[in-house]
Amino acid sequence: MSAKQYDTLDNTALTALAQRTLANYPAALHGTLSLLCRSENATFLLVAQGQRYALRLHRGDYHQKADIESELQWLDALRETGIMVPQAVLNTQGEAVQTLTLPDGSTRYAVLFHWIEGEMPTTEVDPRAFRQLGQITARLHQHSRNWQRPQEFQRIIWDHHTMVSPQSHWGHWQDAPNLKPQDRAVVEQAIARIGDELVDYGKSAERYGLIHADLRLTNLLLHRGETRVIDFDDCGFGWYLHDLAAAISFVEHHPRAAEWVDHWLQGYEQVAHLSDADMALVPTLLMQRRIQLLAWAGSHAETEMAQSLGPHWADHSVRLCRRYLETSQLPVGA
């Protein structure tokens, strides 16, 4: 995928588009909109008749309509098993995915979701929340392995090529802010080693399949001791243990990161077994995710998330690459 990496519409234009979207929903849903965040998409809080909803406006040049419809099919199937995940609201035409045509002829898609209660955790979260996340992720993976996907099902691919190659979905890792030219060789060495290890590990059905792909703190909600998963927008086909790597996205260098990984693994093992080969690949997938995020930070430099990383985030990334190449330690932590 060679795509533009950030929405060119400003907040005013996005809000106007969101308001236009509501016109195709019942009058009971014509409420007050406020922009919550912008990343791959723009997400709005809708308050209508005392109820809250989340409206997701997809940016252009990313997912096709069939991709989004497939995401919603998986969510429907997961909900049938008792896992709390987002549920789409149908518009007056009975559509879950609404198509919007802009004045320039381009197409955007929108989905309105029922609100899920909970508080978004921060890096101050009790590490036991990661144990519960590991349990939930194992249930997602068990479902993925056993679910008979609809014939028309299609989702994005998350493998070594699409994450860290020059043709990756999120651009070039070399463009990461504050990445020193002299440090690129270390990252390249890490990428080469990651690629070799993933070839050896392979893509058997037990190791590779439909995953959430973005189970980081901002996509979790804590509610009365329960950890809930939201935002399946990046779900696709990848290594199952990539979901562990994604769980500590952007904060791999945090002093408590190793503790988070340990709790996640403990929780996962309570539901599904991880083989020795799986465990041996954890450092590789953690490192691959961090390098993938270097690319994201470069191609999404306009976002609040990228700007919040600070001037030393790339330096930490390089330090973790060196740890991965030179030691047997997990490439996380201070």
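**Exercise 1. The lining of the largest pocket**

Into how many nonpolar, polar and charged residues does the lining of the largest pocket divide in this predicted model?

Solution. The residues of the lining fall into 17 nonpolar, nine polar and 14 charged. The pocket that these residues line has a volume of about 1,100 Å³. Its lining consists of 40 residues, and those closest to the pocket centre are Cys37, Thr43, Met120, Thr218 and Asn219. Next, assign the lining to secondary structure. At least two lining residues come from each of strand S1 (32-38), strand S2 (41-48), strand S3 (51-58) and strand S5 (107-114), and likewise from each of helix H8 (276-299) and helix H9 (304-308).

**Exercise 2. An aromatic pair between a helix and a loop**

Find how many aromatic pairs a search of the whole structure gives. Then classify the pair of tryptophan 74 and phenylalanine 232, and state which parts of the chain this pair ties together.

Solution. The search of the whole structure gives nine aromatic pairs. In one of them, tryptophan 74 and phenylalanine 232 have ring centres 5.6 Å apart and planes at 80°. An angle over 60 degrees counts as edge-to-face, so this pair is edge-to-face. Now place the two residues: tryptophan 74 is in helix H2 (residues 65-80), while phenylalanine 232 is in the loop between strand S9 (226-229) and strand S10 (236-239). The pair therefore ties together parts that are 158 residues apart in sequence.

Are tryptophan 74 and phenylalanine 232 buried or exposed? The cut-off for buried is under 20% relative accessible area. Tryptophan 74 has 0% and is buried; phenylalanine 232, at 1%, is buried as well.

**Exercise 3. An aromatic pair between two strands**

Repeat the analysis for tyrosine 208 and tryptophan 239.

Solution. The centre-to-centre distance is 5.4 Å and the planes make an angle of 85°, so tyrosine 208 and tryptophan 239 form an edge-to-face pair. Tyrosine 208 belongs to strand S7 (residues 208-211) and tryptophan 239 to strand S10; the pair thus ties together parts 31 residues apart in sequence. Tyrosine 208 counts as buried at 15% relative accessibility, and tryptophan 239 counts as buried at 2%.

**Exercise 4. A cluster and two arginines**

Which residues form one aromatic cluster, and which arginine lies over the face of tyrosine 240 and which over that of tyrosine 324?

Solution. The cluster is formed by Trp147, Phe153 and Phe237. Over the face of tyrosine 240 lies arginine 145, at 4.1 Å from the ring centre. For tyrosine 324 the residue is arginine 193, which lies over the ring face at 4.2 Å from its centre.

Notes: Residues are numbered from 1 along each chain as its sequence is written. This is a predicted model: local features need pLDDT of at least 70, side-chain atom pairs count only at pLDDT 80 or more; totals for chains, interfaces and linings use all residues. Side-chain values use heavy atoms; hydrogens and water are left out. Rings of Phe, Tyr and Trp (its six-membered ring) pair if their centres lie within 6.5 Å; planes under 30 degrees apart count as stacked, over 60 as edge-to-face and the rest as tilted. Helices (H or I, at least four residues) and strands (E, at least two) are DSSP runs, numbered from the N terminus. Buried means under 20% relative accessible area, exposed over 50%, partly exposed in between (1.4 Å probe, protein chains only). A charge sits over a ring if NZ of Lys or CZ of Arg is within 6 Å of the ring centre and within 35 degrees of the ring normal. On a 1 Å grid over the protein atoms alone, a cavity is a set of points where a 1.4 Å probe fits but cannot get out, and a pocket is an open set with protein on both sides within 12 Å along at least five of seven lines; lining residues have an atom within 4 Å of a point. Grid points are joined across faces, edges and corners, and a volume is the space filled by probe spheres set on the points. Ala, Val, Leu, Ile, Met, Phe, Trp, Tyr, Cys and Pro count as nonpolar, Asp, Glu, Lys and Arg as charged, and the others, Gly among them, as polar.
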